[in-house]
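Q: Please take a close look at one part of this structure, a nonpolar patch on its surface. Then set that part against a few other places in the chain.

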Amino acid sequence: MDSTDLPPSYCWTSSNSPAPLYTESPSASERVLQAGPCVAGSSSAPSAQKFVYKSDNLEVRLHPPRWGSTLPAYGLAGSVEGVLAFRKACSHVLEVSASLQGTVTTSASQHASIAVPGISKVTVLSKKSILFTSPSGSTATVNGEHPFSIHFPHYIDGSMEPLPPSYTVYQPGVSTEISYQLRVDVVRKGLRRHEKLTVPLLYLPKSRPIMPPLERIPWSSRVDSASDERVCDITLTPTWPNRSDASSQRAEDLPVISLTMPTSKCFASGDIVPLSLKIQSPRSPALAKLLSYNAHLSMVKRQKTWVSLGRQVSLREQQLSRADVYLADDTQEGTAYLRMELQAGEPGRECSWRVEGAVAVEHVIRLVIHPPEHVKNFPMYKCDIPVTLTTDQYGTLQSELLAMSGVPFPALGLNDPSRYLRAQQTC
């Protein structure tokens, strides 16, 4: 066995002090996971930290930290840094530029035109940096290396909506992709061939709630939830299978059902969302407890794509989790009070966002209460409550930036390993 494969050895100071001695300098059998700023060049093998892309005349070297992704990945407002190198001199050059581009591409196949699907594109990012420009009225021969640095913006061009992450979804007849790329252009005078090189990128921004989470619904909210600004009440509306059934019962004879939840309606993915349900049925006291057994609460993810110039919406729903329901109190006749805990998906893998009129990922808390089986002409109660999910927990930004020396860590949980980016075909 090679000596470098052996575990590290430690010496003991004394029998009364069993803690091993440590030093700042690693031994040959130890590995350094992080030493100093997480930037290119900190490794002993700098080439292993760079992504290199080449064409006949151009070479682009990007050196973001490697996060284990196959493509260069960037976090919130991350900086795309690298070097453009000319593999051979290029004459008659007017301008050399590097651009960050982001596009939403939707492909929808209609029944009458399956062979020629409709493709629409929406630009969410276009940011250009000039690396070289020739003097007015002349051209130049360009060679050597040209460093560049371009930041991802926080928002979509011309909008206050946050810039969405790299994304791919396939639905029956519809596919949608949000792709980002770095494009290098060398503009030459006249009919000479313009040089260009496109590099696919992953943009995976983290998000966090702006308020600390509420760990549990206050017990006092059973009586007066309006006095607590941290929670809000949502009253459920009965839904009748047939319209004729709605006139068979008076509204005052029906149970009153309300859901209490945190006012913010913004939660970190993976966190436990506390909720409570109150069922009041003073005219039929037994119904309150019967309905409590038929309460179903779930977290649902909606993936929306607008097609046909925004006239139609393709919708795909996925249930992320179901709530644990506990009968907390039924001591008051005709009233049942339930406590619920709902997990907001898997940690780090969910994020709510939208590109208006093109694509959106939404999350809703869905509550459904079915009528008891033996009760006829009774409505069902159902409501969908829109909520916002973030990738990370409240208050973790500063500690992360300190740990990563200011480099924003990408939300790797948003990256689908089976993702297929069209931009890869250009490399």
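A: Leu 290, Tyr 293 and Leu 327 together make a nonpolar surface patch of about 280 Å². The model is a predicted one. Of the three patch residues, Tyr 293 can be placed along the chain: this tyrosine sits in the loop that joins helix H2 (285–292) to strand S19 (295–307). Tyr 293 counts as exposed because its relative accessibility is 54%, and the cut-off for exposed is over 50%.

Other residues are covered. Ser 179 belongs to strand S12, which spans residues 174–188. Its relative accessibility is 17%, so Ser 179 counts as buried; the limit for that class is under 20%. Apart from neighbours within four places in sequence, Ser 179 touches Gln 101, Gly 102 and Thr 103.

Two cysteines can be added to the picture. Cys 90 is buried, at 4% relative accessibility, and Cys 383 is buried too, with a relative accessible area of 13%. A disulfide is a covalent bond between the sulfur atoms of two cysteines. Searching the whole structure for such bonds gives zero disulfides.

Last comes the confidence of the prediction. The protein has a mean pLDDT of 81, and 80% of its residues reach 70 or more. Residues 111–116 stay under 50 in pLDDT, and the model gives them one contact beyond four places in sequence. The pLDDT is also below 50 over residues 420–427, a stretch with 18 contacts in the model beyond near neighbours in sequence. Where pLDDT is low, the predicted coordinates should not be read in detail.

Methods. Residues are numbered from 1 along each chain as its sequence is written. This is a predicted model: local features need pLDDT of at least 70, side-chain atom pairs count only at pLDDT 80 or more; totals for chains, interfaces and linings use all residues. Side-chain values use heavy atoms; hydrogens and water are left out. Patches are made of residues with over 30% relative accessible area and no salt bridge: like charges are joined within 9 Å, nonpolar side chains (Val, Leu, Ile, Met, Phe, Trp, Tyr) within 5 Å. Accessible areas come from the Shrake-Rupley method with a 1.4 Å probe; for residues, only the protein chains shown count as cover. A salt bridge is a side-chain nitrogen of Lys or Arg within 4 Å of a carboxyl oxygen of Asp or Glu. Helices (H or I, at least four residues) and strands (E, at least two) are DSSP runs, numbered from the N terminus. Buried means under 20% relative accessible area, exposed over 50%, partly exposed in between (1.4 Å probe, protein chains only). A disulfide is a pair of cysteine sulfur atoms within 2.5 Å. pLDDT is the predictor's confidence in each residue, from 0 to 100. Contact means heavy atoms within 4.5 Å.
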